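Dear colleague,

I am handing over the structure below, and my notes on it follow. Please read them with the model open beside you.

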Amino acid sequence: MSLSPHPFNRQRFFLNAPLIPSFSPFPPVLLFLTLIGTDSGCPTLTYKILVAADLTDASLNLIRVAEDAELLTCAPNTPALREKLAEAHAIISRDDVLLNKSLLDAAPKLKLIARVGVSLSGVDLEAATNRGIVVMNTPGTNAVAAGELTLTLMLALSRHLVSAHTRLKEGLWLLDRKRQEGSQLQGKTLGLVGMGRVGSIVAGRALAFGMNVLAYDPYLGDEEIDDERVQLVGLKELQTRSDFISLHVPFTRETRTLIDEAFISAMKPGARLINTAHGSVIDEAALAAALQSGHLAGAALDVFSEEPPDNSPLIGMESVIHTPHIGDNTHETMQDLSLQIVSQVLDALRGDDYRNVVNLPFVAGLDYETAQPYMALAERMGKILQSLARTRVRRIAVEYRGEEAGGIVKPVTVALLKGILAPVFSDLVNYINAPILAAERGIAVTQAKGLKTGNYASVVSVQATLEDGEVITIGGTLMDRREPHIVQINDYRLNFVPEGMLLIMGSFDQPGVIGRVGTLFADNNINIAIWQTGRATPGGHTLTVLTLDEPMPESLLETLRGQDFVRHAHQVEL
């Protein structure tokens with residue numbers, strides 16, 4: 001049976017990435033051709049594409065000259081937007097356009113949302129997915145621009161270029177050469193926190209300047225670093241050795257205020273900090289205090305926790321170089337972003353290709369109402385598994401036992417992979433690309449039978465094998481087919497709802513543990529909402545899951561880990 005007159009290349013759909021040999025996700029051609037609405041003949045629609053962003057003329061001309069497309073334009077967040085969106089099949093916008101459920105409900109013909117850049121802020125992904133609307137973005141296009149800006153800021157910091165320029169503009173020649181004395185990059189040590197696209201570009205440029213380059217990325221192995229001159233180190237070593245630290249991490253729950261008072265105090269005295277990634281990874285008050293005390297020599301920031309940064313203590317400090325989020329604001333990047341997003345939209349509407357799609361629409365033949373709760377459970381199981389893993393996940397085996405159709409194992413597996421990879425890739429991982437990213441990281445996926453994870457009417461089980469040979473098994477189920485519950489971790493039988501801030505603690509089965517933990521938490525004003533403990537054998541080991549009202553500070557977590565009854569402790573936010 002022919003689904004579409006358009007040729008479909010499976011390898012091209014997966015962005016030329018290696019496929020997982022033992023697992024195949026939903027057939028993408030069925031999902032998307034059904035979604036876009038092609039029939040047995042060529043599509044008769046003229047696709048109306050609403051552009052509510054500043055794109056180049058060359059990219060807009062691709063729409064103007066297309067026989068099957070019509071260009072609509074309007075300014076972001078104006079009354080005309082809702083009116084034109086009602087007739088549009090696709091919208092191209094930036095994150096200044098709020099596409100919530102209310103607006104989507106007013107767009108009955110909408111098939112596709114395309115975001116210029118990587119940010120999906122303001123897009124109601126759940127509402128879009130429920131409607132079968134494809135959501136896509138353009139990740140990585142600005143990597144060179146962001147990398148070059150990082151080097152620009154590093155050079156400006158090291159030579160005091162901004163203050164030198166300002167003084168000369170004010171008519172002051174170099175009156176105090178000692179005060180204006182800079183430093184060379186050659187021979188200095190650069191520490192990169194994050195080695196993704198931008199981090200790798202910065203590393204290459206820094207090596208050309210004769211710098212020593214260290215990198216911290218807990219999700220990379222030495223064999224995955226392209227240049228052997230880049231040394232992969234632990235975070236503490238990077239802090240104490242680096243003259244410059246540059247941040248290149250996505251904003252996730254794990255990286256929120258990663259650069260806090262404790263991190264900064266561990267940095268090398270006189271070091272400098274550069275951030276072109278995301279403003280919320282820095283505690284701005286702590287950074288300002290370190291600059292005022294002289295512990296750090298300077299900082300250069302293109303992003304802020306609140307933009308515009310009207311209330312930031314860093315604005316106006318002499319030791320800070322600040323720019324207004326211009327990481328991707330180059331002529332070349334704007335050309336590339338504009339052409340890429342328009343090409344993606346046209347290809348998707350025509351059913352030719354689906355690059356950089358970030359959601360997985362459910363269509364006829366797949367019961368989304370049935371699958372969604374299991375996928376939510378599986379994704380949380382994946383996040384818990386990743387938090388417990390001491391080394392990298394190398395293999396997962398997935399089993400579903402229950403009353404639902406056998407096809408449920410495929411979306412459950414995709415959701416598990418997304419949960420495992422979310423701490424690594426943040427918003428860059430989704431239900432479409434999780435299997436691809438897993439394959440690229442060498443994670444093998446198989447379907448299992450006979451995993452011993454409790455007697456329930458329906459149960460999702462995953463057994464993960466880590467790089468060091470350790471095996472972690474997790475079982476979960478749904479209560480009333482809606483509420484997710486974790487019912488087993490390894491040999492420990494439990495029953496807890498995987499939501500909120502969780503502390504997972506392995507301890508020895510001995511008297512006084514509850515009291516000592518309660519006292520420690522009470523002394524630090526941490527409230528325990530729920531306490532669940534399972535044990536394999538009396539007097540042996542126990543596993544405790546605490547639901548907390550607020551996250552534990554890292555210092556308190558380290559104190560807990562240092563207690564004589566604690567075997568391990570992990571904090572995860574779901």
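The notes below take up one acidic residue, one helix and one surface patch.

This is a predicted model, in which local features need pLDDT of at least 70 and side-chain atom pairs count only at pLDDT 80 or more, while totals for chains, interfaces and linings use all residues. Residues are numbered from 1 along each chain as its sequence is written, and side-chain values use heavy atoms, with hydrogens and water left out.

Asp-217 sits in the loop between β7 (212-216) and β8 (231-232), helices (H or I, at least four residues) and strands (E, at least two) being DSSP runs numbered from the N terminus. Asp-217 is buried (under 20% relative accessible area, where exposed is over 50% and partly exposed in between, with a 1.4 Å probe and protein chains only). Asp-217 nevertheless has no salt bridge (a side-chain nitrogen of Lys or Arg within 4 Å of a carboxyl oxygen of Asp or Glu), and Arg-441, the nearest side chain of opposite charge, is 6.2 Å away. The side chain of Asp-217 does, however, reach the backbone nitrogen of Met-195 at 3.1 Å.

Turning to helix α12 (residues 284-293), its buried residues are Glu-284, Ala-286, Leu-287, Ala-288, Ala-290 and Leu-291. At the N-terminal end, Asp-283 caps α12, with a side-chain oxygen 3.2 Å from the backbone nitrogen of Ala-285, and Gly-294, which follows the helix, has a positive phi near 90°.

Finally, Trp-173 lies in the loop between α8 (161-169) and β6 (189-193) and is exposed, with a relative accessible area of 66%.

With best wishes

Definitions and conventions:
Lys, Arg positive; Asp, Glu negative; His and termini not counted. Polar contact = N/O pair within 3.5 Å; in protein donor to acceptor, adjacent residues only side chain to side chain.
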